[in-house]
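Hi,

Here is the structure I promised to send you. Could you have a look when you get a moment?

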Amino acid sequence: MNDITFFQRFESDIVAGRKTITLRDASESHFTPGQQLRVGRYEDDVYFCTIEVISVAPVALDQLTDEHARQENMTLPQLKEVIGEIYPGLIELYAIVFKRVATA
Ligand SMILES: CC(=O)Nc1cc[nH]c(=O)n1
């Protein structure tokens with residue numbers, strides 16, 4: 001059983017350590033620093049790595065910075081477009097910073 005899922009298109013960046021943050025809605029804001037999460041692909045729930053949560057903090061869409069984008073391995077305009085597609089109309093997000101600790 002996985003604890004969190006990511007779209008398959010993010011898998012290679014997460015495994016390579018290029019993506020070290022995820023922006024989620026309130027339903028996934030309950031993770032706590034130090035927690036280790038089994039990560040699966042959203043499309044088929046296949047496990048592909050384990051991450052450790054470093055921090056969880058609220059962030060508004062208009063507070064996103066180039067640093068958030070760098071941690072997502074995107075530009076800031078790309079990041080805002082992606083978040084708008086995943087969470088249309090959502091303003092209040094949660095930034096979950098993580099490190100990969102194991103791969104499948
Ligand atoms: C499945 C899913 O919601 N995936 C997300 C959502 C936001 N950010 C992200 O990296 N992955």
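Below is what I found, starting with the ligand and ending with the salt bridges.

Please keep in mind that this is a predicted model.

The ligand first. It sits in the largest pocket, and two elements each give two or more residues to the shell around it: β1 (4–6) and β2 (21–24). Of the elements, β2 gives the most, with three residues. If you would like to click through the surroundings, the ligand is surrounded by Thr5, Phe6, Phe7, Phe10, Lys19, Thr22, Leu23, Arg24, Tyr42, Ile86 and Tyr87. By residue class, this shell divides into seven nonpolar, two polar and two charged residues.

Three side chains are worth a look for their polar atoms. Lysine 19 has a polar side-chain atom 2.7 Å from an oxygen atom of the ligand. For threonine 22, a polar side-chain atom lies 3.1 Å from an oxygen atom of the ligand. Arginine 24 places a polar side-chain atom 3.1 Å from a nitrogen atom of the ligand. As for burial, the ligand on its own has 300 Å² of accessible area, and the protein covers 94% of that.

Now to the salt bridges: the count comes to six. One that you can pick out is between glutamate 11 and arginine 41, where the closest N and O atoms are 3.3 Å apart. This pair links distant parts of the chain, with the two residues 30 residues apart. Glutamate 11 belongs to helix α1 (residues 11–16), while arginine 41 is in strand β3 (residues 36–41).

Happy to go through any of this with you.

Best wishes

How values were computed
Residues are numbered from 1 along each chain as its sequence is written. This is a predicted model: local features need pLDDT of at least 70, side-chain atom pairs count only at pLDDT 80 or more; totals for chains, interfaces and linings use all residues. Side-chain values use heavy atoms; hydrogens and water are left out. A residue is near a molecule or strand if one of its heavy atoms lies within 4 Å of it. A polar contact is a pair of N or O atoms within 3.5 Å; within protein, one must be able to donate a hydrogen and the other to accept it, and residues adjacent in sequence count only if both atoms are side-chain atoms. Accessible areas come from the Shrake-Rupley method with a 1.4 Å probe; for residues, only the protein chains shown count as cover. On a 1 Å grid over the protein atoms alone, a cavity is a set of points where a 1.4 Å probe fits but cannot get out, and a pocket is an open set with protein on both sides within 12 Å along at least five of seven lines; lining residues have an atom within 4 Å of a point. A molecule sits in a cavity or pocket if more than half of its atoms lie within 2 Å of its grid points. Helices (H or I, at least four residues) and strands (E, at least two) are DSSP runs, numbered from the N terminus. Ala, Val, Leu, Ile, Met, Phe, Trp, Tyr, Cys and Pro count as nonpolar, Asp, Glu, Lys and Arg as charged, and the others, Gly among them, as polar. A salt bridge is a side-chain nitrogen of Lys or Arg within 4 Å of a carboxyl oxygen of Asp or Glu.
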